[in-house]
Amino acid sequence: MTNFLSFQVHGGGIGGGVAANLTSLLEFLEGLSGKTPPEMFSAILPGITGMDNIHPLFVHYPIAFFTAFFLLDVIGSLAKKAQWRYVASWLLYLGTVAAVFTVVAGLFAADSVEHGEDVHDIMERHEHIGIAVLSFSLFLSAWRMKKWGLHSLGANMVFLCLAGFLCLLLSLGADLGGLMVYQYGVSVKPASISAAISATNSVGAAVQHKHKQDNPDMNKDGHNHGGHDHSGHKHGSQSHSHNHVGHNHSH
């Protein structure tokens, strides 16, 4: 399945690649027939299988739902489109449900993920912001369902300001989450990274070694000095020097 998806992403379907793509998919489906259910799950979803916790699986949903809710609600308010605001309401409700699962998964992940003291404070702030996002979304969802004064201009402005603040908190929390993963490597397996780096270095060294073998006239800094032709020119100059000395009196 990984090969099949990789083939699609890299544009293998162009120029006669559809047949190879279909063959790869059929081979993958045929290979699933002899696997147990856990092995099938691991083959179909290798990324989820390799996760230490499921928090990263949920975190994208509240980001997408809340952002779409806020933008659509603002546009619907300015354009006075009641139907747009109705759709925005459902995006808010879906984002709130997703935030519940995300925060719960994050609380379990905080207790199970290994991290140092330099990450602990960042993780605490990330956790607090996540709980604040959930609290705000629950409040806004209840306000939306009850329609507490949303038809008045003042109440509607307050609601939109709180919705904007919700998105701001969401962005801050996402930024801290990215900092923990990409800067400090939280939940990233060091052995996998080392293996990938070693493999990359090995390939680079092999290519460089082959390049030097294919070009014997290359010196250490990669410049071609002509090999024996340069040496022959040097000896010729020495011979000319001796001849000149030998004919010193005649010249």
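Contact here means heavy atoms within 4.5 Å, and helices are DSSP runs of H or I with at least four residues, numbered from the N terminus, while strands are E runs of at least two. The structure is a predicted model, in which local features need pLDDT of at least 70 and side-chain atom pairs count only at pLDDT 80 or more, whereas totals for chains, interfaces and linings use all residues. Residues are numbered from 1 along each chain as its sequence is written, and side-chain values use heavy atoms, with hydrogens and water left out.

The overall picture comes first. The protein chain has 11 helices and zero strands, so that its pattern along the sequence reads α-α-α-α-α-α-α-α-α-α-α. Of its 251 residues, 23% count as buried, where buried means under 20% relative accessible area, exposed means over 50%, and partly exposed lies in between (1.4 Å probe, protein chains only). The accessible surface of the protein chain comes to about 17,300 Å², with 66% of it belonging to carbon and sulfur atoms; these areas come from the Shrake-Rupley method with a 1.4 Å probe, and for residues only the protein chains shown count as cover. Among contacts with a separation of 6 or more, 63% are made by residues 24 or more positions apart.

Helix α6 makes a good place to look closer. It has 20 residues, for which 1.5 Å a residue gives a span of 28 Å, and its end C-alpha atoms are 29 Å apart, which agrees; the expected span is 1.5 Å times one less than the number of residues. The buried residues of α6 are P62, F66, F69, D73, G76 and S77. These residues cover an arc of only 105° around the axis and therefore sit on the same side of α6, the arc being that of the directions from the helix axis to the C-beta atoms. The cover over the buried residues of α6 includes α5, α7, α8 (117-146) and α9. On the face turned away from that buried side, α6 carries the exposed residues H60 and L78. Just after α6, K80 takes a positive phi of about 55°.

One residue of α7 also reaches this helix. W84 lies in α7 and is partly exposed, at 38% relative accessibility. Leaving aside neighbours within four places in sequence, W84 is in contact with L72, I75 and G76. The C-alpha atoms of W84 and L72, which are 12 residues apart along the chain, are separated by 6.5 Å.

Now to the aromatic rings. A pair of aromatic rings is described by the distance of the centres and the angle of the planes. Rings of Phe, Tyr and Trp (its six-membered ring) pair if their centres lie within 6.5 Å, and planes under 30 degrees apart count as stacked, over 60 as edge-to-face and the rest as tilted. A search of the whole structure finds six aromatic pairs. One of them joins F58 and F101, whose ring centres are 5.9 Å apart with planes at 20°, so the pair is stacked. Because F58 lies in helix α5 (residues 55-58) and F101 in helix α7 (residues 82-112), this pair ties together parts that are 43 residues apart in sequence. Both rings have some exposure: F58 is partly exposed at 23% relative accessible area, and F101 is partly exposed at 47%.

The pair of F69 and F159 is edge-to-face, with 6.3 Å centre to centre and 85° between the planes. This pair links distant parts of the chain, with F69 in helix α6 (residues 60-79) and F159 in helix α9 (residues 153-183), 90 residues apart. F69 is buried, with a relative accessible area of 0%, and F159 is buried at 0% too. Ring pairs link F69, F139, W143 and F159 into a cluster.

Helix α9 itself rounds off the account. For its 31 residues, 1.5 Å a residue gives a span of 45 Å, and the end C-alpha atoms of α9 are 44 Å apart, which agrees. F165 is found in α9 and is partly exposed, with a relative accessible area of 36%. The C-alpha atoms of F165 and F136, 29 residues apart along the chain, are separated by 8.9 Å. Just after α9, G185 takes a positive phi of about 70°. As for cysteines, C161 counts as exposed at 52% relative accessibility, whereas C167 counts as buried at 13%. A search of the whole structure finds zero disulfides, a disulfide being a pair of cysteine sulfur atoms within 2.5 Å.
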